[in-house]
Amino acid sequence: AAMNALLGVVERTSANTMMGLQDELKEASQVMLEWNNQNTSRSTIPLASGCELFLKYITRTFLELPDFDQCRQEILERGKRFAGISLAARDRVATMSHEFVQEGQTVLTHGWSRVVAALLLKAAETKHFDVVILEGRPDAAGAKAAQFYAKAGIQTTLILDSAMGYIMETVDIVLVGAEGVVENGGIVNKMGTYALATCARSHDKPFYVAAESYKFARLYPLNQRDLPMKQTSLDFVDTAIWQATGGQVGKDNTVPGKVELSSNVKVDNPTCDYTPAKFITLLFTDLGVLTPSAVSDELIRLYQ
Amino acid sequence: GTQPKGSSSSGKPEPSEKRRSEETGISQKQVDDSKQFSLSYRDPSKYPDEFESVVLGGAEAAMKLHPAVLKLGYRYATGEVREENARCRAMMEAFVQVVEDFQPAKAGSDARNQFVQDVLKPSFTYWTEKCRPHSMSGMGNAFSFLKSAVATLDRDMELAEVKTVLKETIQAYVRERIDFADMAIAKNAAEKIVDGDVILTYGDSEAVRVLLQETIATTSKKFRVIVVDSRPLLEGKTLLKELRRANVECTYILLNALSFVMNQVTKVFLGAAALMSDGSVVSRVGTACVALAAKAKGVPVLVCGETYKISNRVYLESITSNEMGNPQDVLQGELGPNLRVINLLYDLTPSEFVSGIVTEMGILPATSVAVLLREMNPQDTDSAFAS
């Protein structure tokens, strides 16, 4: 969607030079990033890297066709193909990598990822397997994903996030998506992915990541604190109490079982965490199945 | 005992070797053993005639080496020029003078080939065999660059123009691959420094020094630095002086106190003498200890290295191709026949201990150094799969 917005800018631009167009595109990217920051809890990483890649793509086109009007035409044509390629990336990932899910296996996943969904649906066309999903607090992403898989006819189990250690011995492979893939081959994904990865490692279970190549970002996190991360608010509810009321909201719209915290309790709730490369077995991308160290190779080429 | 490297072909010890053995009481076996290393240390003050001939004339001068080459050789041998970038700079400076004074011996013949065969190669060989082995990689790469620069010169150029172009090329190499590279490294690494950081560094690396100075000068980030140093060179004192001048809050410790401070450290910045193609790092001896201790505490280790230091080789351990310093620096006095004193100058840090390598191209995982090498030298990629 972001690509289409940027293409729209190219179409409607009143600039006469490449510099002018690039400025307009940069401004458009900024506006989109800020909107994303303020209005959604999703990470800005895939948006930022997608925009940057698009800009690089444009610059490269300009190097080939210095005449501005010709260049603009070429960009619009290529751009339409590029946007299509990005959407088709998901299908490529599914086609190339669905064989990693084998007959009779149990797949553990976390969060809602369209790439993972595409992959699992493709695998389900020819194989029977089970899916276990972490609940995905605080946005119940896992619960929503479970609905999707169940409707598609895949045997699905939902567990608490904290039950990942408990379930790991019954799982064969772990498969997650990514908000962003960083330069050292690690990933940034929904909070809980790092814990899941360390748990998988200690049980010797393969940890796979499915991600389109436009998510490759020019970030090099050294540790968790080294990431630009958004905090979101969090409510704490003893659901047992709430369920005992039959799921009712009390008078004055109070939620039964909700823990009211005093102001000197600090709540630390970033949306994403960083999983270092050494915990990742393979990455399933539209450029192929890569080891984490190959990501840097691709990045150097993509951003050259 | 096997044939010691570098000795005369008869296998008998050279007079200088025998003398060393007699004077220091080291057995001949130990002298031969020590030749496992690329070059045993040669103390100019102990063997004055050897080095006299270096400067004043004698066998080397008879080889028609330029005085600048001989003078630099002496500086290499005494360890006056030791740091990696300094060695490369000095070498290029000497070559600039050599280019200036070069006169083709035979008119009409290929002056470029003559220059490479009769001037450049003998100079480099002289340095690496008589004075000091060439630095792990940087000097070698710079020298290869110079040779190919000479080879690709326009055939029809006048000698005077050739000289001007060559000199400019040499100076541009130093400017771009060292000076500008250090500034780019500083910029890339400075992004990783945040307020409240406790940065640990080891010894005195030019890239790290520039990085810290630039961060202090161009940003208002508040951090403190722990400088780790070690005998016998105590190079960290130079860095410490620079940091004090810039009013940075510093702590200074020797290597044996490392585990005491590592709990407080948030980031480690290290320098490199060479970046091997499997991601391991050759640096001043002691660096591997620092990286290991940091890894044990989960502290990220960033190695700062200019791309000219990237080598297409892989070292499996620290002994091969290492250099030795003066053993007297480590332990003075009569050593006796049973004591061997080893003063190594470099060690090898495996890539697992390196969180990232900061180059002028950006921060890369250690395993991607080989990719950079390939990207920088596409002409060398000899692949059966090349399309």
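**Figure 1. Ala140(A) sits in the loop between E2 and H6 of chain A.** This is a predicted model, and our tour starts with a loop that has a couple of quirks. Ala140(A) shows a positive phi of about 55°, although it is not a glycine. Look along the loop for Pro138(A), which also lies between strand E2 (130-134) and helix H6 (141-151) of chain A. Which way does the peptide bond from Arg137(A) to Pro138(A) go, cis or trans? The bond is cis, and its omega is near 0°.

**Figure 2. Chain B has a cis peptide bond, running from Arg231(B) to Pro232(B).** Here omega is near -10°. To find the spot, go to the loop that connects strand E2 (223-229) with helix H11 (236-245) of chain B, where Pro232(B) lies.

**Figure 3. Three strands of chain A make an open sheet in the order E5-E6-E8.** The pairing is antiparallel. Which strands are at the edges? They are strand E5 (180-181) and strand E8 (272-275) of chain A, and each of them pairs on one side only. Start at E5(A): two bridges tie it to strand E6 (residues 187-190) of chain A, and the two strands run antiparallel. If you want a landmark in this pairing, try Val181(A), which faces Ile187(A) in E6(A). Now cross to the other pairing, where four bridges join E6(A) and E8(A), again in the antiparallel sense. A landmark here is Asn189(A), which has Asp273(A) of E8(A) opposite it.

**Figure 4. A hairpin and a helix go with the chain A sheet.** The hairpin of E5(A) and E6(A) leaves five residues between its strands. One of the residues to look for in this hairpin is Gly185(A), with a positive phi near 90°. Then there's the helix: H8 (residues 193-202) of chain A lies across E6 and E8 of chain A. How is H8(A) angled relative to E8(A)? The helix runs at about 35° to that strand.

**Figure 5. In chain B, an open sheet of three strands has the order E5-E6-E8.** Its strands pair in the antiparallel sense. Why is one side of strand E5 (274-275) and of E8 in chain B left without a neighbour in the sheet? These strands stand at the edges and each has a single partner strand, so there is nothing next to the other side within the sheet. Two bridges hold E5(B) against strand E6 (residues 281-284) of chain B, in antiparallel fashion. In this pairing, Leu275(B) is placed opposite Val281(B) of E6(B). Helix H13 (residues 287-296) of chain B packs on the sheet and touches E6 and E8 of chain B. Its direction makes about 30° with that of E8(B).

**Figure 6. Ser351(B) is in the loop between strand E8 (346-349) and strand E9 (356-359) of chain B.** Its side chain has a polar contact of 3.5 Å with the side chain of Glu352(B). Which residues does Ser351(B) touch, once you leave aside its neighbours within four places in sequence? They are Asp278(B), Gly279(B), Ser280(B) and Ala366(B).

**Figure 7. A salt bridge in chain A joins the side chains of Glu212(A) and Arg90(A).** The N to O distance is 3.8 Å. The partners come from distant parts of the chain, 122 residues apart. Glu212(A) is in the loop between strand E7 (207-210) and helix H9 (239-244) of chain A, while Arg90(A) is in helix H4 (residues 68-97) of chain A. Counting over all chains, the structure holds 18 salt bridges.

**Figure 8. Chain B meets chain A through 15 residues from chain B and 14 from chain A.** About 1,200 Å² is buried between them, and carbon and sulfur atoms give 55% of that area. How many salt bridges are there between chain B and chain A? The count is two. Zoom in on the side chains of Asp226(A) and Lys192(B), which meet in a salt bridge with 3.0 Å from N to O. There are also six residue pairs in polar contact across this interface, counting pairs with both residues at pLDDT 80 or more. On the chain B side, strand E10 (362-364) and helix H15 (369-376) each supply at least two of the residues that touch chain A. The largest share, three residues, comes from H15(B). Sorted by type, the chain B side has seven nonpolar, four polar and four charged residues.

Terms used: Residues numbered from 1 in each chain as written. Chains lettered and ligands numbered in written order. Predicted model: local features only at pLDDT ≥ 70, side-chain atom pairs only at ≥ 80, totals over all residues. Heavy atoms only, no water. Pairing = 2+ DSSP bridges. Contact = heavy atoms within 4.5 Å. Axes fitted to C-alpha atoms, helices over the stretch in contact; angles between N-to-C directions. Buried area = accessible area lost by both parts, 1.4 Å probe. Salt bridge = Lys/Arg side-chain N within 4 Å of Asp/Glu carboxyl O. Polar contact = N/O pair within 3.5 Å; in protein donor to acceptor, adjacent residues only side chain to side chain. Nonpolar A, V, L, I, M, F, W, Y, C, P; charged D, E, K, R; others polar.
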